[in-house]
Structures are given as structure tokens and as C-alpha cells.
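Visitor: I would like to learn how to read a protein model feature by feature. Could you take me through one slowly?

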Amino acid sequence: MKKLIYIAFSFVMLLSTVNVAQAAEGKKSKELTTEQKGQVEQITRRVEEIQNMDKSNLSREQKKELKNELTTMKKQARAISNGGIYLSVTALLVIIIILLIL
């Protein structure tokens, strides 16, 4: 059993180092499509609109909604510019554990 765990761990480490090496090589600037540029422009317009708002008259819930909207727009902009699929460390660990169990 220990041997299997060591083999699986070394396999995962090997795969992660290959991905890191490829990511370092693949840092080329890529052009955004017109659709993506339009989405980014919409997001920037909305952010500027929110920044120019008078927030002193807003209730606590409205301020919270604006904050949530800004965070989701920030995530969308990052996903568009980086090309997007994100996996958290926890998700990777869960996937590895499931693979080990099966």
C-alpha cells in the first residue's frame, strides 16, 4: 500500500512539474477577439459607472450587491484575459484522492 502511495505521489509531482514548465514557456501575449474586447469594454464601463456613483445614499444591502457585482466582473475579466479555467488546490487534492480510492 505504501508503495502504491509513493508511486502515485511521484506521478502527480511529475505531472505538475511538466505543467509548470509548459506554463513558463507559453507566456506569449495573445490577442483578444472582438467579442472578448466588447465584453471587457462593457465591464470597464460598468466599473467606471459604479465608481462615479454616490454611494452615501445606498443601503447596506445595496452596497453589498455592488461589491459582489464588482468581484464577479473582476473574475470575468481575468477569465477573459487569461483564457480561463481555474482549478483550486483543494479541487486537485479531491481529484487525486478519488483517483487513489478507485
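Visitor: Which residues form a nonpolar patch on the surface?

Guide: Patches are made of residues with over 30% relative accessible area and no salt bridge, where nonpolar side chains (Val, Leu, Ile, Met, Phe, Trp, Tyr) are joined within 5 Å and like charges within 9 Å. In this predicted model, the nonpolar patch consists of Val89, Leu93, Val94, Ile97, Ile98, Ile101 and Leu102, which together have about 760 Å² of accessible area. Such areas come from the Shrake-Rupley method with a 1.4 Å probe, and for residues only the protein chains shown count as cover.

Visitor: Where is Leu93 found, and is Leu93 buried or exposed?

Guide: Leu93 is found in helix H4, residues 89-101; helices (H or I, at least four residues) and strands (E, at least two) are DSSP runs, numbered from the N terminus. Buried means under 20% relative accessible area, exposed over 50%, and partly exposed in between, with a 1.4 Å probe and protein chains only. Leu93 counts as partly exposed because its relative accessibility is 48%.

Visitor: How many salt bridges does the structure hold?

Guide: Side chains of opposite charge can pair when their charged atoms come close. The term salt bridge is used for a side-chain nitrogen of Lys or Arg within 4 Å of a carboxyl oxygen of Asp or Glu, and the structure holds 2 of them. In one, the side chains of Glu49 and Arg46 meet at 2.6 Å, N to O; these residues both lie in helix H2 (residues 34-51), 3 residues apart, which is about one turn of the helix. In another, Glu69 meets Arg46 at 2.8 Å, N to O, and this pair links distant parts of the chain, with Glu69 in helix H3 (residues 60-82) and Arg46 in helix H2, 23 residues apart. Through shared partners, the salt bridges join Arg46, Glu49 and Glu69 into one network.

Visitor: Why do Glu49, Arg46 and Glu69 count as partly exposed?

Guide: The reason is relative accessibility, which is 46% for Glu49, 23% for Arg46 and 26% for Glu69.

Visitor: How many helices and strands does the chain have?

Guide: The chain has 4 helices and 0 strands, and from the N terminus on its elements run α-α-α-α. Of its 102 residues, 6% count as buried.

Visitor: Over which residues does pLDDT stay under 50?

Guide: pLDDT is the predictor's confidence in each residue, from 0 to 100, and where it is low, the predicted coordinates should not be read in detail. It stays under 50 over residues 18-22, for which the model has 0 contacts (heavy atoms within 4.5 Å) beyond four places in sequence. The chain averages a pLDDT of 76, and 75% of the residues score at least 70.

Visitor: What conventions should I keep in mind?

Guide: Residues are numbered from 1 along each chain as its sequence is written, and side-chain values use heavy atoms, with hydrogens and water left out. Local features need pLDDT of at least 70 and side-chain atom pairs count only at pLDDT 80 or more, whereas totals for chains, interfaces and linings use all residues.
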